[in-house]
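Here is a guided walk through a structure, written for someone who likes to check each step against the coordinates. Please keep the viewer open while you read.

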Amino acid sequence: MDFRLVELERWLGAQFPSHRYTLASASADASFRRYWRALVDDGRSFIVMDAPPDKEDCRPFLQVAGLFAAAGAHVPAIHAQDLEAGFLLLEDLGEATFLDSLARGDDPQPLYAAATDTLIRIQQSSRPGVLPDYDRALLERELNLFPDWYLARELRRELAPRDRETLRAAFDALLANNLAQPRVFVHRDYHSRNLMHSDPLPGVVDFQDAVYGPITYDLVSLLRDAYLSWEEAQVLDWAVRYWEKARGAGLPVHADFADFYRDFEWMGAQRQLKVVGIFARLCHRDGKQRYLADIPRVLGYLLAACRRYRELAPLARLLGSLAPA
C-alpha cells in the first residue's frame, strides 16, 4: 500500500470538503518529490506536491516562489500547505512543457524570447544574503559527481594519476572562472522541462534549489539543454539577444560579447560535468535508467566547448579517450 498517497488523499479531502476529486500522476522529477493533478468536480484543477519531509524540505520552494513571483515570473500560486506532512496544493500551469511544445512543432522563437525576458526579471531582482551562495564548495561538489558516478560507476574506469591531475587542473580552472562571474539569483534548472507553455509564458517550476551564483548559469541551462539540441548558430543568436537585453536592463554582463560568451561556455562546462554525473547517479543509485540516453548530448556540448579553449584542451583529450570498459 502507498501510505504516502493515503495520507495525501486524506489531506486533500480536508481541502475540498464539499467536492469530489480525482488524482492522476502529473510528473516525477529527479528527486524524491512526486506531483499529482487533482481534478475537482467543479472543474478546477490543481497540482499537488508530495515531498516526503524526511527527504525533501518544502520551505525553499515557498521562499523562492515568493522571490520569483515578486520579480514578475509566472510561478505556481500556493493554495494550501502542510509543511510537517510535506504537501503543497499549487496552481496548475497546464500539462505542456516547452519540450512538449517544441516536440509538436511550435515556433521556438516566442518561447525563448519569453524565457529570456523572465530570466532577466529574476536576475534584476537579485540581492545577496537571501538565497544560499553558489560557492566553491558547492560547485566543486557538483564537479566531483563526474568522476564519482560517471567514470567510476557508469564507465567503471579508474583514472591514472596523470589523468586525475588533468581533471583536477580543469576543475580548478573552471571554478576560477565561475567564481569570478557576477552573481545573481540562479534557478539552477532553467530548461525545457521546467518551463511551461502557460499563459503568460513561461510558467516556471522546479525552482526550489535556487541559489545566488554566476550570471551565465541559467542561460547555459536554457540554451545547452540536456533534453534537446539547437544548432550553434541558433544558440549564438539567442545568447546575443539575452546579452543585449541584459545590458539594457543594467545587469552586470561583460561589455564585450566575446568575453560574455567565454563565461557562458566555461559555466556550461561546469554544469555539463555535473549533469553527466547526476544522470549516472540517477541510474545507478535510483534506478532511473532513462537519463543515460541524454548523456551523449551533454558530453557533446562539453567536448565541443573544451576544444575551443587552449586551457581546456587537456580535458578535451581526456574526454575523447574515455569509453565504456
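Ala 51 is buried in this predicted model, because its relative accessible area of 1% falls under the 20% cut-off. You will find Ala 51 in the loop between strand 3 (45-50) and helix 2 (59-71). What does Ala 51 touch, leaving aside its neighbours within four places in sequence? Its contacts are Arg 4, Arg 33, Glu 56, Cys 58, Ala 85 and Gly 86. There is also a C-alpha separation to look at: 6.7 Å lies between Ala 51 and Phe 32, which are 19 residues apart along the chain. Phe 32 appears again with a charge: the charged end of Lys 55 sits over the Phe 32 ring, 5.7 Å from the ring centre.

Now for the whole chain. The protein chain has twelve helices and nine strands. Its C-alpha trace spans about 65 × 50 × 40 Å along the principal axes. The radius of gyration is 21 Å, and a compact globule of 325 residues would have one near 20 Å, so the two agree. Of those 325 residues, 51% count as buried. Among contacts with a separation of 6 or more, 69% come from residues 24 or more positions apart.

Next, the nonpolar interior. The largest nonpolar core has 94 residues, and the members with the most contacts inside it are Phe 68, Phe 146, Leu 223, Tyr 242 and Phe 279. Which helix gives the most to this core? That is helix 10, with 13 residues. Another core lies apart from this one; it has 13 residues, including Ala 38, Val 40, Val 48 and Ala 80. Phe 68 is worth selecting in your viewer: beyond four places in sequence, Phe 68 is in contact with Ala 73, Val 75, Ile 122, Phe 185, His 187, Phe 207 and Ala 210.

Helix 10 (residues 257-284) also holds Glu 265. Is Glu 265 buried or exposed? Glu 265 is buried, because its relative accessible area is 2% and the cut-off for burial is under 20%. Not counting residues up to four places away in sequence, Glu 265 touches Arg 224, Ala 305, Arg 308 and Tyr 309.

Aromatic rings come next. The whole structure contains 20 aromatic pairs. A pair of aromatic rings is described by the distance of the centres and the angle of the planes. Two of the pairs are set out here.

| Pair | Centre to centre | Angle between planes | Arrangement |
|---|---|---|---|
| Phe 61 and Phe 207 | 4.6 Å | 25 degrees | stacked |
| Tyr 227 and Phe 279 | 6.0 Å | 40 degrees | tilted |

Why does the pair of Phe 61 and Phe 207 tie together parts that are 146 residues apart in sequence? Phe 61 lies in helix 2, whereas Phe 207 lies in the loop between strand 8 (203-204) and strand 9 (211-214), so the pair ties these parts together. Phe 61 counts as buried at 4% relative accessibility, and Phe 207 counts as buried at 0%.

The pair of Tyr 227 and Phe 279 also links distant parts of the chain, 52 residues apart. Tyr 227 is in the loop between helix 8 (217-223) and helix 9 (232-248), while Phe 279 is in helix 10. Tyr 227 is buried, with a relative accessible area of 14%; Phe 279 is buried too, at 4%. Tyr 227 has a charge to consider as well: the charged end of Arg 193 sits over the Tyr 227 ring, 3.8 Å from its centre. Elsewhere, ring pairs link Tyr 242, Trp 243, Phe 257, Phe 260, Tyr 261 and Phe 264 into a cluster.

Finally, take a look at helix 12 (residues 313-321). Its buried residues are Leu 315, Ala 316, Leu 318 and Leu 319. Seen down the axis of helix 12, these buried residues fall within an arc of 165 degrees, so they line one face of the helix. Which exposed residues does the face turned away from the buried side of helix 12 carry? They are Arg 317 and Gly 320. The cover over the buried residues of helix 12 includes helix 6 (145-154), helix 7 (161-180) and helix 11 (295-307).

How values were computed:
Residues are numbered from 1 along each chain as its sequence is written. This is a predicted model: local features need pLDDT of at least 70, side-chain atom pairs count only at pLDDT 80 or more; totals for chains, interfaces and linings use all residues. Side-chain values use heavy atoms; hydrogens and water are left out. Helices (H or I, at least four residues) and strands (E, at least two) are DSSP runs, numbered from the N terminus. Buried means under 20% relative accessible area, exposed over 50%, partly exposed in between (1.4 Å probe, protein chains only). Contact means heavy atoms within 4.5 Å. A nonpolar core is a set of buried Ala, Val, Leu, Ile, Met, Phe, Trp, Tyr and Cys residues joined through side-chain atoms within 4.5 Å. Rings of Phe, Tyr and Trp (its six-membered ring) pair if their centres lie within 6.5 Å; planes under 30 degrees apart count as stacked, over 60 as edge-to-face and the rest as tilted. A charge sits over a ring if NZ of Lys or CZ of Arg is within 6 Å of the ring centre and within 35 degrees of the ring normal. The arc is that of the directions from the helix axis to the C-beta atoms. The radius of gyration is taken over C-alpha atoms; the globule rule is 2.2 Å times the number of residues to the power 0.38.
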